[in-house]
Amino acid sequence: MPPNMSKRIYNEIKDVNNDDTTPLYVYVPNEDNMHHLIGSIQGPVDSPYEGGTFLLDINLHENHPFQPPQIKFITKVYHPNISSQTGAICLDVLKSHWSPAMTLRITLISIQSLLDSPVPQDPQDAQVAKHYMSDHDGFLEEARLWKNTYANVSLNDYINSKLDD
């Protein structure tokens with residue numbers, strides 16, 4: 001364990017990366033800043049995101065776990081609760097329903113579940129929410145198109161591209 005990493009953060013990262021039941025991963029790009037992570041989730045089965053790899057920018061509060069992490073999608077996503085411009089996520093566990101009992105693994109699973117269960121009545125992207133509610137089949141087609149276009153970079157490929165920069 002690097003000396004500047006809290007035991008809690010270290011154990012949470014290990015918990016995510018050692019979980020064989022779900023394909024979630026967390027990477028620490030700079031060991032001098034253990035509060036900045038890159039996460040990876042897979043699109044849920046039987047959703048328009050199935051088969052996609054979605055990367056997340058994760059910033060843990062210095063008071064982690066007593067404050068929620070700031071998480072946004074790096075991968076562009078067509079979803080009512082995710083900004084198609086900034087990747088910002090509208091999810092209660094990242095705001096008012098955060099609890100210090102939450103872990104990175106639970107948080108990533110919650111975000112993955114959000115992909116499968118949009119809440120268009122509480123949108124982050126109003127235009128996508130309107131599309132979801134007015135033309136659901138068209139929404140599904142557009143979501144699949146975005147998944148096929150943008151959600152095809154693995155965490156390893158992303159890390160390697162950043163190392164080349």
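**Close-up views of a predicted model**

**Figure 1. Strand E2 within the predicted model.** Five of the seven residues of E2 are buried, so this strand is largely enclosed by the rest of the structure. The model shown here and in the other views is predicted. Strand E2 covers residues 36-42 and pairs with strand E3, residues 53-59, in the antiparallel sense over seven bridges. Within this pairing, Ile-38 stands opposite Asp-57 of E3, and Ile-41 stands opposite Phe-54 of E3. E2 is also joined to E1, by three bridges, and these two strands run antiparallel. Here Tyr-25 has Ser-40 in E2 as its bridge partner.

**Figure 2. The four-stranded sheet.** The sheet is open, with its four strands in the order E1-E2-E3-E4 and antiparallel pairing. Strand E1 (25-27) and strand E4 (70-73) stand at the edges with a single partner strand each, so one side of each has no neighbour in the sheet. From one strand to the next, the twist averages 25°.

**Figure 3. Edge strand E4 and its two faces.** E4 pairs with E3 in the antiparallel sense over four bridges. In this pairing Ile-58 stands opposite Ile-71 of E4. In a regular strand, side chains alternate between the two faces of the sheet. Which residues of E4 point to the buried face? Ile-71 and Phe-73 point to one face and are buried, whereas Gln-70 and Lys-72 point to the other and are not.

**Figure 4. Helix H1 and its buried face.** Helix H1 spans residues 7-17, and its buried residues are Ile-9, Glu-12, Ile-13 and Val-16. Seen down the axis of H1, these buried residues fall within an arc of 100°, so they line one face of the helix. An α-helix has 3.6 residues a turn, so residues three or four places apart point the same way. The buried residues of H1 pack against strands E1 and E2 and against helix H2 (104-116).

**Figure 5. Helix H2 and its surroundings.** H2 has 13 residues and reaches 19 Å from its first C-alpha to its last, close to the 18 Å expected at 1.5 Å a residue. Its buried residues are Leu-104, Thr-107, Leu-108, Ser-110, Ile-111, Gln-112, Leu-114 and Leu-115. What covers the buried residues of H2? The cover includes helix H1 together with strands E1, E2, E3 and E4.

**Figure 6. Cys-90 and the residues in contact with it.** The feature "active site" is placed at Cys-90 by UniProt, in an unreviewed entry. Cys-90 is in the loop between E4 and H2. Is Cys-90 buried or exposed? Its relative accessibility is 16%, and the cut-off for buried is under 20%, so Cys-90 counts as buried. Leaving aside neighbours within four places in sequence, Cys-90 is in contact with Asn-81, Lys-95, Leu-114, Asp-122 and Gln-124. Of these contacts, Leu-114 is also one of the buried residues of H2.

**Figure 7. Ala-143 in helix H4.** Ala-143 lies in helix H4, residues 136-150. The relative accessible area of Ala-143 is 0%, and this residue is buried. Apart from neighbours within four places in sequence, Ala-143 is in contact with Pro-48, Tyr-49 and Tyr-78. Its C-alpha atom is separated by 21 Å from that of Asp-57, and the two residues are 86 residues apart along the chain. Asp-57 is the residue of E3 that stands opposite Ile-38.

**Figure 8. Backbone details in two loops.** The loop between E2 and E3 holds Asp-46. Asp-46 has a positive phi of about 60° although it is not a glycine. With a relative accessible area of 72%, Asp-46 is exposed. The loop between E3 and E4 holds Pro-65. A cis peptide bond joins His-64 and Pro-65, with omega about 10°.

**Figure 9. Asp-20 in the loop after H1.** Asp-20 lies in the loop between H1 and E1. This residue is exposed, with a relative accessible area of 78%. The C-alpha atoms of Asp-20 and His-136 are separated by 33 Å, and the two residues are 116 residues apart along the chain.

Technical notes:
Residues are numbered from 1 along each chain as its sequence is written. This is a predicted model: local features need pLDDT of at least 70, side-chain atom pairs count only at pLDDT 80 or more; totals for chains, interfaces and linings use all residues. Side-chain values use heavy atoms; hydrogens and water are left out. Two strands pair if DSSP finds at least two bridges between them. Axes are lines fitted to C-alpha atoms, for helices over the stretch in contact, and angles run from 0 to 180 degrees between N-to-C directions. Buried means under 20% relative accessible area, exposed over 50%, partly exposed in between (1.4 Å probe, protein chains only). The arc is that of the directions from the helix axis to the C-beta atoms. Contact means heavy atoms within 4.5 Å. The expected span of a helix is 1.5 Å times one less than its number of residues. UniProt positions are given in the numbering used here, feature names are shortened, and annotations may be inferred rather than shown by experiment.
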